[in-house]
Amino acid sequence: MRSLRCARMAGVLIALSACSSQASPRSGVVLPVTEKDYRITSSITDLPAGIVSFDVHNRGPSTHEFVVFETNQPEDQLPLGADGLTINEDSPSIHHVGEFSEVDIGQSRTLGLRLPPGRYVLVCNLEGHYLGGMHLVVTVH
Ligand SMILES: [Cu+2]
């Protein structure tokens, strides 16, 4: 849902692309993430600090978003915006780290981020999707 953070994201985004033909070796941890109505799941929720590749797969049945926040807030109590349906991504109690604003049905996209130790919450912040249960805590040591 956010486009103004591009400059900030550029600092942490690694040159990784699911559709790149370049044979750049993957370093760090690959974290498989599955999104579907209305859950986010991963087989890995604890990982070492460093480069993390989020392999995000949308199993539908609708388009989803993928957003990474760093926060100590309980995963189901992130601050909502005025609409009451989406997280207020500008709230001082959460820190926007990176995102895909859209992952189409059936699509897989890889988001590379350099993550320092901390607690992260992965969400889909489309209207109602977060409230529906699309959040997952990942701890980086
Ligand atoms: Cu969603």
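**From one strand residue to the whole fold**

Beyond its neighbours within four places in sequence, H57 is in contact (heavy atoms within 4.5 Å) with V33, T34, E35, G106, Q107 and S108. H57 is found in strand β4. Its C-alpha lies 6.1 Å from that of E35, although the two are 22 residues apart in sequence.

The model is predicted: local features need pLDDT of at least 70, side-chain atom pairs count only at pLDDT 80 or more, and totals for chains, interfaces and linings use all residues. Residues are numbered from 1 along each chain as its sequence is written, and side-chain values use heavy atoms, with hydrogens and water left out.

Now the overall layout. The protein has one helix and nine strands. Helices (H or I, at least four residues) and strands (E, at least two) are DSSP runs, numbered from the N terminus. In sequence order the pattern reads α-β-β-β-β-β-β-β-β-β. Take the contacts between residues at least 6 apart in sequence: 70% of them join residues at least 24 apart.

The accessible surface comes to about 7,000 Å². Carbon and sulfur atoms hold 52% of it. Areas come from the Shrake-Rupley method with a 1.4 Å probe; for residues, only the protein chains shown count as cover. Of the 141 residues, 42% are buried. Buried means under 20% relative accessible area, exposed means over 50%, and partly exposed is in between (1.4 Å probe, protein chains only).

Next, the interior. A nonpolar core is a set of buried Ala, Val, Leu, Ile, Met, Phe, Trp, Tyr and Cys residues joined through side-chain atoms within 4.5 Å. The largest one has 24 residues. Those with the most contacts inside it are L31, V33, F54, F66, V68, L115 and L122. Strands β1 (29-36), β4, β5, β6, β7 (108-115), β8 (118-123) and β9 (135-140) each supply at least two residues of this core. A second, separate core has nine residues, among them V67, L78, I87 and V137. Back in the largest core, V33 illustrates the packing. Outside its neighbours within four places in sequence, V33 is in contact with I40, T41, F54, D55, V56, H57, F66 and L122.

After β4 comes a loop. G60 sits there, between β4 (50-58) and β5 (64-70). G60 counts as buried because its relative accessibility is 0%. Leaving aside neighbours within four places, G60 is in contact with E35, K36, D37 and I105. The C-alpha atoms of G60 and E35 are 7.2 Å apart, across 25 residues of chain. A cis peptide bond joins G60 to P61, with omega about 0°. Another cis bond runs from D37 to Y38, with omega near -15°. Y38 is in the loop between β1 and β2 (39-42).

Then the metal. H64 (ND1), C124 (SG) and H129 (ND1) coordinate the copper ion at 1.9 to 2.1 Å. Donors are N, O and S atoms within 2.8 Å of the metal (3.2 Å for Na, K and Ca); water is not among the atoms, so sites may look incomplete. Along the chain the donor spacing is H-x59-C-x4-H. C124 is buried, with a relative accessible area of 0%. H129 is buried too, at 9%.

Last, the surface. L80, L85 and L131 form a nonpolar patch with about 240 Å² of accessible area together. Patches are made of residues with over 30% relative accessible area and no salt bridge; like charges are joined within 9 Å, nonpolar side chains (Val, Leu, Ile, Met, Phe, Trp, Tyr) within 5 Å. A salt bridge is a side-chain nitrogen of Lys or Arg within 4 Å of a carboxyl oxygen of Asp or Glu. L80 lies in the loop between β5 and β6 (95-103). L80 counts as partly exposed because its relative accessibility is 36%.
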